[in-house]
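I opened this model to make notes on one chain as a whole and then on one pair of helices. My entries follow in the order in which I looked things up.

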Amino acid sequence: MAASRKVACVEIGGIPIALSTCDEGFLDLLRRRYDGFLSSSAPEFELEFYVTPRGSDSDDDVRVRRDHNEWILERGDFHARWDPGTRRGKVWQNANPYSLDSVLRILHSLILAERDGFLLHAASAICDRSAYLFSGVSGAGKTTMTRLAPVHVTLLTDEISYLRPSAGGYAAFGTPFAGELARAGENCTAPVAALFFLEKGPENRVDEMSQAEAVRRLMRNILFFAEDKPLVERLLATACDFVARVPIRRLTFYPDARVWEEVHNFASSFHEVAEHA
Amino acid sequence: MPENCIYIARSSAIAARALAGEMMVMNSADSTFFTLNEVATTIFQAADGHTPLREIVRDRVCEQFDVDPEQAQADAEQFVAELSSHGILLVSNQPLAAETF
């Protein structure tokens with residue numbers, strides 16, 4: 001007799017996905033891991049998890065490729081098959097929460113690419129009802145920016161920002177994918193006011209950058225794994241559209257709380273310009 | 001292969017988009033990303049698989065940019081070698097089929 005499957009619906013970025021398993025312990029892990037993102041919405045997608053004694057080597061390169069109608073997601077610690085036509089997939093992995101996060105991130109990156117959105121290696125936070133993104137390579141200061149944020153700032157993530165097109169621009173959503181801060185973001189959303197590429201320096205300053213430079217930096221920080229030309233073309237078009245719609249600047253910062261004054265000053269001056277335009 | 005018989009074609013596995021005078025190129029096989037300057041973009045766009053590189057340099061690059069022909073040829077060969085090592089351009093001493101953009 002087949003064991004009954006238990007379901008947890010996890011909604012990230014407004015996209016509810018039903019995650020099912022027969023393993024009570026794994027279900028408990030799912031619910032704890034994504035507490036704050038559990039949803040009662042009707043799921044748009046379904047993933048069946050099968051807990052197996054797969055290797056735990058999450059340092060292997062991830063591979064995402066097409067096999068006829070399905071996507072194959074592979075790494076040392078998981079193997080998954082995903083059919084975008086039926087909106088269903090199966091995952092074989094060990095009970096490691098990092099493997100779980102990786103599978104969900106890849107799946108969301110595929111879903112978002114079809115919807116002109118993307119996951120960005122960036123911290124994001126809401127200040128005065130607008131979202132600000134802080135992107136850069138590891139060590140550039142993403143977690144530092146979130147640690148320095150004033151108390152009225154709402155953290156969306158210190159690691160992986162979730163971006164979707166919205167009326168007039170793009171919206172950022174909170175994610176449970178945490179970096180060094182080891183704290184999930186708030187499950188909320190706001191229109192994106194600006195993206196800053198971080199660089200540490202002796203003083204705080206905001207500089208313009210060319211559109212081409214902005215696209216180049218953006219593409220280097222977008223999480224995308226699929227070996228698929230149509231999706232890559234669409235992603236590149238999305239990146240160009242994002243750069244055309246969202247102010248993008250280089251933020252050189254000295255790591256203390258005054259950097260948020262710089263962000264606030266930029267936001268105020270930009271709003272003033274926009275209102276006069 | 002003789003230098004004057006190098007044919008170049010764009011790989012079918014890449015996505016490209018022009019923006020503000022530069023060409024953004026991404027290899028869908030490994031997600032490597034390149035931005036090409038104006039001269040490189042001219043060569044990239046002319047990489048139709050049946051026009052020899054030397055002809056592209058002479059008729060396109062030297063016509064559009066104030067460059068020394070010998071230096072332009074050397075730079076073009078270096079550029080082609082680099083992009084072909086990343087799978088962006090295909091290189092042959094025979095004409096090739098090419099992607100159109």
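**Chain A as a whole**

I counted the secondary structure of chain A first and found six helices and 16 strands, where helices (H or I, at least four residues) and strands (E, at least two) are DSSP runs numbered from the N terminus. The radius of gyration of chain A, taken over C-alpha atoms, is 19 Å, close to the 19 Å that the globule rule gives for 277 residues, so chain A is as compact as a globular protein of that length; the rule is 2.2 Å times the number of residues to the power 0.38.

I noted that this is a predicted model, in which local features need pLDDT of at least 70 and side-chain atom pairs count only at pLDDT 80 or more, while totals for chains, interfaces and linings use all residues. Residues are numbered from 1 along each chain as its sequence is written, and chains are lettered from A and ligands numbered from 1 in the order in which they are written.

I then looked up the extent of the C-alpha trace of chain A, which spans about 65 × 40 × 35 Å along its principal axes.

**Two helices of chain B**

Turning to chain B, I found that helix α2 (residues 53-64) of chain B and helix α3 (residues 69-85) of chain B pack at an angle of about 120 degrees, with their axes 10 Å apart; axes are lines fitted to C-alpha atoms, for helices over the stretch in contact, and angles run from 0 to 180 degrees between N-to-C directions. α2(B) and α3(B) are therefore oblique to each other, since angles under 35 degrees count as roughly parallel, over 145 as roughly antiparallel, 65 to 115 as roughly perpendicular and the rest as oblique.
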